[in-house]
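Welcome, and please open your viewer before we set off. We will begin with the whole chain and then pick out a few places to select.

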Amino acid sequence: MNTKATSKQKRRRLLLTGGRAPATLELARLMRAAGHEVFVAESLRAHLCRHSRAVTSSFEVPSPREDRAGFIAALADILVRQRIDYLIPTCEEVFHVAWGRKTLSEHAQVFAPSLEQLRVLHSKWDFIKLLEGLDFLTPETWRLQAPEDVLDVIGPLAAGERLVFKPVFSRFAAKVRFYTAGEDTRDLPRPSPQEPWVAQRFIAGTPYCTYGVAREGRLTAHAVYPSIFTAGQGATIHFQAIAHPRIEAWVSRLVAALGYTGQIAFDFIETSEGELYPLECNPRATSGVHLFRPKDRLDGAFFGEASEPLRPQAKRAAMLSLAMGLYGLPSVRSLRQLGAWGKAIITSREILFDWKDPLPALGQMTALAELWRTSRREGISLLEASTWDIEWNGEDA
């Protein structure tokens, strides 16, 4: 692993949170390859970054969902003791970091937006309202706060019309439900003021995901990839970079309007007529970071050293091999799809395994075992367990 920095590049000491995520491991490797020293703070005892050669030290901190004040105090202590220059949150703990921003900023630069901005972007209702106010094209969306609201939305539907239901605060499409007019309604959600949902008109088209980095309203890195192979109906597990100037222009316009600083990602649908509909925003690191390689120098996007948006090379591909076997192959329904799956397997880089840094891949079963124990204890799915202790669901600031 190249850890040399040129004489003109400043070597920084970085603290990443969210060491459980493959995206964090990727970011740690990219930062280390650029010559920076990387530390990781994580509330899970077993996580992907723990034994990575890219990480100088890993620290166990309290769960921010269960002890937010203790989480912030632990981070502040690490910032001081390790003389950290930048704190970069990567997963949903970014909301808790933003909550403690005033304290943390006394010791290091915090690469995250305000909690107020995060709340609007994370809410599937407020995000759409924000875009409407800025004259972006949006899918028709209803807020649901009672079971009667659900009946009011599905009542006028014509035969064959479809809706998508999802909680206002959710992730990985874990609870998304599709409904076609005339179907049984017993599985539809029962929203409440405490747990509101949204209903969105279903839009057919090609799904795309993005990953970006922005500083003070300027987009400094951006990647776009189609969502073809997914884990269930949610997270994408294979990533191939494409150039899509209209999507990049859309993201640039929004981050400029917000004066946004931080990592940010979006899900889009593009119709056959070329209309571009945003579905939701993930104001954190996502799998698009896997499309960047060391020679792209993604670190420059974080530190204001990129004069124009950094982009991954078109057609560069990466994948989660284990997930492609568990979810991708069973989803194949035709010889054409089987060919696409096979081509993806042959031409894509495995995300976790790196000959120069093999321990994270070898230790992933240990990390999965800890998530499995959480899923059993809380009675939730393995996917839900992956964020259970760091989630933020609109709690008061």
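Start with the surface. The protein chain of this predicted model has an accessible surface of about 18,100 Å², and carbon and sulfur atoms hold 52% of that area. Now colour the charges: there are 49 positive and 45 negative ones in the protein chain, and the mean positions of the two sets lie 8 Å apart.

**The whole chain**

Switch to a cartoon view next. You should find 14 helices and 16 strands in the protein chain. Turn the model along its principal axes, and the C-alpha atoms fill a box of roughly 65 × 50 × 45 Å. How does the radius of gyration fit with a compact globule? For 397 residues such a globule would have a value near 21 Å, and the protein chain has 21 Å, so the two agree.

Look inside as well. Of the 397 residues, 55% are buried. Among contacts with a separation of 6 or more, 66% link residues that are 24 or more positions apart.

**A three-stranded sheet**

Select β12, β15 and β16 together. These strands form an open sheet in the order β12-β15-β16, with mixed pairing. Which strands stand at the edges? They are β12 (238–240) and β16 (349–350); each has a single partner strand, so one side of each is left without a neighbour in the sheet.

Zoom in on the pairing between β12 and β15 (residues 317–319): the two run antiparallel and are joined by three bridges. To see one pair of residues, select His238 and find its bridge partner in β15, which is Met319.

**Two loop residues with positive phi**

Now select Glu216. You will find this residue in the loop between β10 (206–215) and β11 (218–226). Check its backbone: phi of Glu216 is near 50 degrees, a positive value in a residue other than glycine. Is Glu216 buried or exposed? With a relative accessible area of 67%, Glu216 is exposed, as the cut-off for that class is over 50%.

For the last stop, select Arg297, in the loop between β14 (276–282) and α9 (299–302). Phi of Arg297 is positive too, near 55 degrees, and again the residue is not a glycine. What is the relative accessibility of Arg297? The value is 25%, so Arg297 counts as partly exposed.

Terms used: Residues are numbered from 1 along each chain as its sequence is written. This is a predicted model: local features need pLDDT of at least 70, side-chain atom pairs count only at pLDDT 80 or more; totals for chains, interfaces and linings use all residues. Side-chain values use heavy atoms; hydrogens and water are left out. Helices (H or I, at least four residues) and strands (E, at least two) are DSSP runs, numbered from the N terminus. The radius of gyration is taken over C-alpha atoms; the globule rule is 2.2 Å times the number of residues to the power 0.38. Buried means under 20% relative accessible area, exposed over 50%, partly exposed in between (1.4 Å probe, protein chains only). Contact means heavy atoms within 4.5 Å. Accessible areas come from the Shrake-Rupley method with a 1.4 Å probe; for residues, only the protein chains shown count as cover. Lys and Arg count as positive and Asp and Glu as negative; His and the chain ends are not counted. The place of a charge is taken as NZ of Lys, CZ of Arg, CG of Asp or CD of Glu. Two strands pair if DSSP finds at least two bridges between them.
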